[in-house]
Amino acid sequence: MTPDEIRAALESNWLDRRDRARLEALLAVQPDHGRSAHGAGQAADTFEHIRIEGDRGFIAATKRALALLRGTSGWATMRGIARVRACDTGLPVGGALIGNTAEFEPSVWRGDAKFYASSLAHEGVHAAGADGSRDGERACMTVQARVLRELRADRATIDHIERHAANPTPFHTG
Ligand SMILES: [Zn+2]
């Protein structure tokens with residue numbers, strides 16, 4: 001996002017607290033942070049109704065994760081997602097939802113594809129109305145854990161998300 005895009009987003013009223021905190025931090029850290037998302041090597045593709053924007057590695061990883069998610073009950077959460085985009089804020093946020101765009105840090109999309117698939121579902125639940133409150137995050141992480149179980153993700157990953165779902169904190173990381 002450009003600084004102007006960040007400011008415009010901050011002026012809108014659909015941001016949840018987590019999105020707002022993230023954007024404010026983003027604006028504070030460095031005015032041109034995020035430029036890499038618009039630079040050389042960038043491309044776009046689609047998967048079903050979802051536009052994917054990032055470099056080739058991001059697009060390949062995202063299509064793979066969406067294909068995994070499509071085989072689970074979590075696919076329904078993608079109804080509210082129009083776009084998935086790479087970001088690199090350097091902040092420990094993992095993923096975020098901005099309007100109907102889900103953004104993911106390299107720590108998520110370069111990692112385990114099943115976890116990335118479940119993170120897409122997490123942001124999809126936010127897109128369906130769950131805010132950044134404890135209850136909102138509980139709803140997101142409950143679906144996220146279910147997706148991980150359906151994908152037979154490794155036990156440690158499932159346990160990690162189930163622990164957070166049982167005791168959610170606002171402004172979670174990932
Ligand atoms: Zn969340």
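Biologist: Which residues in α3 meet which residues in α5?

Modeller: In this predicted model, Ala61, Arg64, Ala65, Leu66, Leu68 and Leu69 in α3 meet Ala113, Lys114, Tyr116, Ala117, Leu120 and Ala121 in α5. The residues of this contact divide into 10 nonpolar, no polar and two charged.

Biologist: Why is α3 called roughly perpendicular to α5?

Modeller: The axes of α3, residues 56-70, and α5, residues 113-127, come within 8 Å and cross at roughly 75°. Angles of 65 to 115 degrees count as roughly perpendicular, and therefore α3 is described as roughly perpendicular to α5.

Biologist: What makes β2 and β3 a pair of strands?

Modeller: Two strands pair if at least two bridges are found between them, and three bridges join β2, residues 50-55, to β3, so these two strands, which run parallel, are counted as a pair. Within this pairing, the bridge partner of Ile52 is Val84 in β3. Together with α3, the strands β2 and β3 make a β-α-β unit that is left-handed.

Biologist: Which side chains of β3 are buried, and which are not?

Modeller: Along β3, residues 83-86, the side chains alternate, with Val84 and Ala86 pointing to one face and buried, while Arg83 and Arg85 point to the other face and are not buried. A residue counts as buried if 20 or more other C-beta atoms lie within 10 Å of its own, so Val84 and Ala86 meet that cut-off, whereas Arg83 and Arg85 do not.

Biologist: What makes the pairing in the sheet mixed?

Modeller: The open sheet has five strands in the order β1-β2-β3-β5-β4, and its pairing is mixed. On the parallel side of the account, β3 pairs with β5, residues 101-104, over four bridges, and Arg85 stands opposite Glu103 in β5. By contrast, β4 and β5 run antiparallel and are joined by four bridges, with Glu103 in β5 as the bridge partner of Ala96.

Biologist: Why do β1 and β4 count as edge strands?

Modeller: Both β1, residues 42-47, and β4, residues 95-98, have a single partner strand, so one side of each is left without a neighbour in the sheet. Neighbouring strands of this sheet are turned by 20° against each other on average, with direction ignored.

Biologist: Where do α3 and α5 lie on the sheet?

Modeller: Helix α3 lies across β1, β2 and β3, running at about 145° to β2. Helix α5 packs on the sheet and touches β4 and β5, and its direction makes about 30° with that of β4. Angles under 35 degrees count as roughly parallel, so α5 is roughly parallel to β4.

Note on methods:
Residues are numbered from 1 along each chain as its sequence is written. This is a predicted model: local features need pLDDT of at least 70, side-chain atom pairs count only at pLDDT 80 or more; totals for chains, interfaces and linings use all residues. Axes are lines fitted to C-alpha atoms, for helices over the stretch in contact, and angles run from 0 to 180 degrees between N-to-C directions. Angles under 35 degrees count as roughly parallel, over 145 as roughly antiparallel, 65 to 115 as roughly perpendicular and the rest as oblique. Two residues are in contact if their C-beta atoms, placed from the backbone, lie within 7 Å. Ala, Val, Leu, Ile, Met, Phe, Trp, Tyr, Cys and Pro count as nonpolar, Asp, Glu, Lys and Arg as charged, and the others, Gly among them, as polar. A residue is buried if 20 or more other C-beta atoms lie within 10 Å of its own, exposed if 12 or fewer, and partly exposed in between; C-beta atoms are placed from the backbone. A crossover is right-handed if, with the strands pointing away from the viewer, the path from the first strand over the helix to the second runs clockwise.
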